[in-house]
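Thanks for coming. I will go through one structure today, starting with a term and then moving from whole chains down to single residues.

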There are 2 protein chains.
Amino acid sequence: MAVLIDKLVICGVGLIGGSFALALREAGAVGRIVGIGRRPSSLEQARALGVIDEIAADWQNALRGADFVLLAVPVGQIDPVMATIAPHLDAHTLISDVGSTKGDVIAAAYRHLDAHLTRMVPAHPIAGTEKSGAQAARADLYRGRRVVLTPLPENDAAAVGRLEKLWEACGATVVDMAPQDHDRIFAAVSHLPHLLAFGLVHDLAGRANAELLFSHAASGFRDFTRIAGSHPEMWRDICIANRQAIVGELDQYLAELAYIRALLLGGDGARLEQLFEQARQARMTWGERFGG
Amino acid sequence: MAVLIDKLVICGVGLIGGSFALALREAGAVGRIVGIGRRPSSLEQARALGVIDEIAADWQNALRGADFVLLAVPVGQIDPVMATIAPHLDAHTLISDVGSTKGDVIAAAYRHLDAHLTRMVPAHPIAGTEKSGAQAARADLYRGRRVVLTPLPENDAAAVGRLEKLWEACGATVVDMAPQDHDRIFAAVSHLPHLLAFGLVHDLAGRANAELLFSHAASGFRDFTRIAGSHPEMWRDICIANRQAIVGELDQYLAELAYIRALLLGGDGARLEQLFEQARQARMTWGERFGG
């Protein structure tokens, strides 16, 4: 593949940013990869692993002549990072992010990047694992996955097109969506399940007999709670940024649980079985269509 | 391995009963395996797959000279099945079950098997997948897994010992527990997570935009909801049999969700992060100790 960008800057070289770097490098789509972030030790590790080529001394050096800067930090860091990079951005630099929420990222862009809105294209790659850090980065993380773009009205079509090409070079499929749709959809299918898994493990871990309970948990528990191993700061930021949509989803789910509770108390086996059957059908259909 | 039982009768040749048959056969621990159950087509399939050697014509034929009869039916069938087998049981036949709930199985045993209580040893193998049916049976399903026995005061020590040897021949580790402890523990670590997963999929599947939501669900959703593909009748029976303990667990979980909801509404990122961190630590510790 032809080189799509000469100088790539990854801000936050963890699982997501690091995997993007590895994927573009494997595709032969990138020249030099520069990392910058909060923790020098993480950046050293990323360089030692070959995820990035060099560590930027400061923002000015990082951003000078950059073709693309990917903001791969927890969404709670997006606002200060945008404020920091704004004075140093070149007039040609494409900017994007990987945030699991889009409304807050876009609000921060309007606050800090008004001179660069044609080239700041918000995005969210639908990939990840419960692992985090550059040591978990994989060149194939995005292969066959979706990346949702939520372009701004101000975005230049060429900038959007360049970002699409980069994600496609990582093996991903790109789809467009309005940011408010994005935030509601992912509150339902991602943010809420994460909260529910964190909540169950936290609940059980706080019991006097937690040790005994955990010793009898098996494969159903393992899979249900895998995402409770996810990155606490990242999920704190997602929950705070998207809390309105998440509370809405949680309330619908609480109504579902109230219904199930009533069926249990009433000993209504027929309706419970019907509910389980409908869920099973939907889950199996999903698995067949979307490879779950 | 020496043959431990000559004639094994599996009542309900699905994932659990079928895997027990395959495991004992692979261990060389069993002579003849006879299947009996509700659906002739399922039994034919089990025979065609080599899970059982023969299909019993009726209960009398099935149980005559049986060394061990395993009741591997949904727990809602345990009562009528025990009533049916009682008149045909030989005086030496060991009896056990695989029910995910024990209080109801034991109550049924006292109702119907009073002449056989020395040899009716309740058990619950902690294994399974969201798949069901003899075609999903595997000889290694129980390898490295636990089987919980909840022996009755009336049980003969030799009968308990024989059952332990059979499960150990399947590769499992046997532990003893009081039935009421069993039912509370599994309400927390198994029954509740299943209900929560069924509930989430049912909730989303009922939305006007279900199609759109499901199309954006990814790996976190996949693992969280895998158990929503479980057998509806089996889970109906478990929920009805153990509903008192399950409602208790659900109510504790609802209190946890109410706390999380308050943190969301209050925008309390610090306490959310602390909760996520505690859950993550507990989940990682569990994973390291119990291979999740």
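One term before anything else: two residues are in contact if their C-beta atoms, placed from the backbone, lie within 7 Å. Please also keep in mind that this is a predicted model.

With that term in hand, take Arg261(A), which is found in helix 11 of chain A. Which residues is Arg261(A) in contact with, leaving aside its neighbours within four places in sequence? The answer is Val247(B) and Leu250(B), and the letter in brackets tells you that both belong to chain B. As for burial, Arg261(A) has 18 other C-beta atoms within 10 Å, so it is partly exposed; the cut-off for buried is 20 or more. To place Arg261(A) in the chain, compare it with His92(A): the two are 169 residues apart along the chain, and their C-alpha atoms are separated by 57 Å.

Now the chain as a whole. Chain A has 12 helices and 9 strands. Its C-alpha trace spans about 70 × 40 × 35 Å along the principal axes. For 292 residues, a compact globule would have a radius of gyration near 19 Å, and the 21 Å of chain A agrees with that. Of those 292 residues, 56% are buried. If you take the contacts in chain A with a separation of 6 or more, 78% of them join residues 24 or more positions apart.

The domain assignment splits chain A into domain 1, residues 5-177, and domain 2, residues 181-290. The C-alpha centres of these two domains of chain A lie 30 Å apart. Their contact takes 14 residues from domain 1 of chain A and 18 from domain 2 of chain A. On the domain 1 side, the residues divide into 4 nonpolar, 7 polar and 3 charged.

Next, the two chains together. A rotation of 180°, with 0.0 Å of shift along its axis, superposes chain B on chain A with an RMSD of 0.0 Å. That is the relation of a two-fold axis. Which residue of chain B has the C-alpha nearest the axis? That is Phe224(B), at 2.0 Å from it. The same surface serves both copies, with 100% of the contact residues of chain B recurring in chain A.

How many residues does each chain bring to the contact? There are 73 from chain B and 73 from chain A. On chain B, the helices that each supply at least two residues to this side include helix 7 (179-205), helix 11 (243-265) and helix 12 (269-290). The largest share, 18 residues, comes from helix 7 of chain B. By type, the chain B side divides into 45 nonpolar, 15 polar and 13 charged residues.

Helix 7 of chain B also holds Ile185(B). Is Ile185(B) buried or exposed? It has 22 C-beta neighbours inside 10 Å, so it counts as buried. Not counting residues up to four places away in sequence, Ile185(B) touches Leu212(A), Leu213(A) and His216(A).

Helix 10 of chain B is mostly covered, with 9 of its 10 residues buried. Among them are Trp235(B), Arg236(B) and Asp237(B). What do the buried residues of helix 10 of chain B pack against? From chain A there are helix 11 and helix 12, and from chain B there are helix 5, helix 7 and helix 11.

Asn242(B) lies in the loop between helix 10 and helix 11 of chain B. With 27 C-beta neighbours inside 10 Å, Asn242(B) counts as buried. Leaving aside neighbours within four places in sequence, its contacts are Thr101(B), Asp183(B), Ala187(B) and His191(B). Of these, Ala187(B) is 55 residues away in sequence and 7.3 Å away in space, C-alpha to C-alpha.

Last, helix 4 of chain B, residues 78-85. Its buried residues are Ile78(B), Val81(B), Met82(B) and Ile85(B). They cover an arc of only 100° around the axis, which puts them on the same side of helix 4 of chain B. They pack against strand 1, helix 3, strand 4, strand 5 and helix 5 of chain B.

Methods
Residues are numbered from 1 along each chain as its sequence is written. Chains are lettered from A and ligands numbered from 1 in the order in which they are written. This is a predicted model: local features need pLDDT of at least 70, side-chain atom pairs count only at pLDDT 80 or more; totals for chains, interfaces and linings use all residues. Helices (H or I, at least four residues) and strands (E, at least two) are DSSP runs, numbered from the N terminus. The radius of gyration is taken over C-alpha atoms; the globule rule is 2.2 Å times the number of residues to the power 0.38. A residue is buried if 20 or more other C-beta atoms lie within 10 Å of its own, exposed if 12 or fewer, and partly exposed in between; C-beta atoms are placed from the backbone. Ala, Val, Leu, Ile, Met, Phe, Trp, Tyr, Cys and Pro count as nonpolar, Asp, Glu, Lys and Arg as charged, and the others, Gly among them, as polar. Domain bounds come from an automatic or database domain assignment. The arc is that of the directions from the helix axis to the C-beta atoms. Copies are superposed by least squares on the C-alpha atoms of residues with pLDDT of at least 70 in both.
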